Amino acid sequence: MTTAIHLDFERPILEKEAEIDRVKGDPALAEEERAKRLAELEAARDDLRRSIFRQLTPIQRVQLARHPRRPYFLDYVSLAFEDWVELHGDRAFADDRAMVGGLARLDGRSLVLIGHQKGHDTKENLLRNFGMPHPEGYRKAMRLMKLAEKFGLPVVTFIDTPGAYPGIGAEERGQAEAIARNLREMAALRVPILSVVTGEGASGGALGIGVTDRILMLENAFYSVISPEGCAAILWNDTEMRARAAEAMKLTARDLLGLGVIDDILDEPVGGAHNDWAASARTVADALRRHLQDLSSRSPQDLVRERLEKYRRMGRWQEPGRP
């Protein structure tokens, strides 16, 4: 049986659940009294859970985004899509297991799916390099996007990475060039392309498959140029300042929607996506249906034009005192 993992801010909920367990095991209580007490305690626990998860701080959402029981790309593939066929290799160097891609169907419609893949245990994390792709992963992703363009298939990417792998080998094989090429080619791709930020969306490792017509984001994911710890280390030389950094970076889904960086927030089950994989997958699938239906009416020329306009609108600024 999988061991439950609880975060610090969930402690009041655990205390309430411990109280529920004590009442269940109390032999001195009559059945009617036990049932009444349990109903009251369970209602109080559910209210407490809703209250806590309505008021999460940015760093608490970062913790949820990194939860090791959270569903990953291949979990969403198995729960939300049909007829999955994985495609391997970049046709230049190797097959990167941290970047997975292939063909699938959603309600009978063929798609190309690409996503970062982490592991649910140590062995799988080593195989998947903890979700940090090498250059060959980004080149594989682009090969599959070009395949999608050739056959007129929409592309959906799933973003969940602490960043592209920063090792010497990755740099020697052109990590920066591979990501930069993806940014350029995705901007001009002549088919609908969407991305879903399901967990960590950190740095160029996330952006390397994130230049899309629509960016959807689970409510407890984050999307940022750097991790809160990395930001804190640079600004204050102290990773313990990560909570302050997360607040300042505006990396939550609600912040990014307000800034116009993302296009839609996808609700998670109370307590986070890891508490109900099936419900999370249904939410993602429903959102993809809605956005794909909207984008399917665009011509290739309109898709590219609107995509370029979308990114040109980001980051505008005005000097004080100038009109």
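**Charge pairs in a predicted model**

Hi everyone, let me open with a pair of neighbours: the side chains of E306 and R305 meet in a salt bridge, with 3.9 Å from N to O. Please keep in mind that this is a predicted model. E306 is partly exposed, with a relative accessible area of 27%, and R305 is partly exposed as well, at 39%.

Which residues join this pair in a network of salt bridges? The linked residues are R214, D294, R298, D302, R305, E306 and E309. In the structure as a whole there are 32 salt bridges.

Let me step back to the overall fold for a moment. The protein chain has 14 helices and eight strands. Its radius of gyration is 22 Å, close to the 20 Å that the globule rule gives for 323 residues, so the chain is as compact as a globular protein of that length. If you like boxes, the C-alpha atoms fill one of roughly 70 × 55 × 40 Å along the principal axes.

Buried residues account for 48% of the 323 residues in the chain. Looking at contacts in the chain with a separation of 6 or more, 71% of them are between residues 24 or more positions apart. The accessible surface of the chain is about 16100 Å², and carbon and sulfur atoms hold 52% of that. As for charge, the chain carries 47 positive and 50 negative charges, and the mean positions of the two sets are 5 Å apart.

Back to individual pairs. Side chains of opposite charge can pair when their charged atoms come close. Take E31 and R34, whose closest N and O atoms are 2.7 Å apart in a salt bridge. Both sit in helix α2, residues 31–54, and being three residues apart there, they are separated by about one helical turn. Are the two partners buried or exposed? E31 counts as exposed, at 60% relative accessibility, whereas R34 counts as buried, at 11%.

My next example is a salt bridge between R105 and D83, where the closest N and O atoms are 3.2 Å apart. R105 lies in strand β2, residues 99–106, and D83 in strand β1, residues 82–87, so this pair ties together parts that are 22 residues apart in sequence. R105 is partly exposed, with a relative accessible area of 34%, and D83 is exposed, at 53%.

Now for an arginine that has no such partner. R61 is found in helix α3, residues 58–65. This residue is buried yet has no salt bridge. Why does E219 not count as a salt-bridge partner for R61? E219 is the nearest side chain of opposite charge, but it is 4.2 Å away, and a salt bridge needs the nitrogen and the carboxyl oxygen within 4 Å, so the pair is not counted.

What does R61 touch, then, leaving aside neighbours within four places in sequence? The contacts are F53, R54, L56, E219, N220 and T252.

I'd like to finish on one of those, N220. This asparagine lies in the loop between β6 (214–218) and β7 (222–224), and at 2% relative accessibility it counts as buried. Not counting residues up to four places away in sequence, N220 touches L56, R61, L64, A65, R70, E268 and G272. So L56 turns up in the contact lists of both R61 and N220. Thanks for listening!

Note on methods
Residues numbered from 1 in each chain as written. Predicted model: local features only at pLDDT ≥ 70, side-chain atom pairs only at ≥ 80, totals over all residues. Heavy atoms only, no water. Helix = DSSP H or I, 4+ residues; strand = E, 2+ residues; numbered from the N terminus. Rg over C-alpha atoms; globule rule 2.2 N^0.38 Å. Buried < 20%, exposed > 50% of the residue type's maximum accessible area, 1.4 Å probe, protein only. Contact = heavy atoms within 4.5 Å. Areas by Shrake-Rupley, 256 points an atom, 1.4 Å probe, with all protein chains shown as cover. Lys, Arg positive; Asp, Glu negative; His and termini not counted. Charge placed at Lys NZ, Arg CZ, Asp CG, Glu CD.
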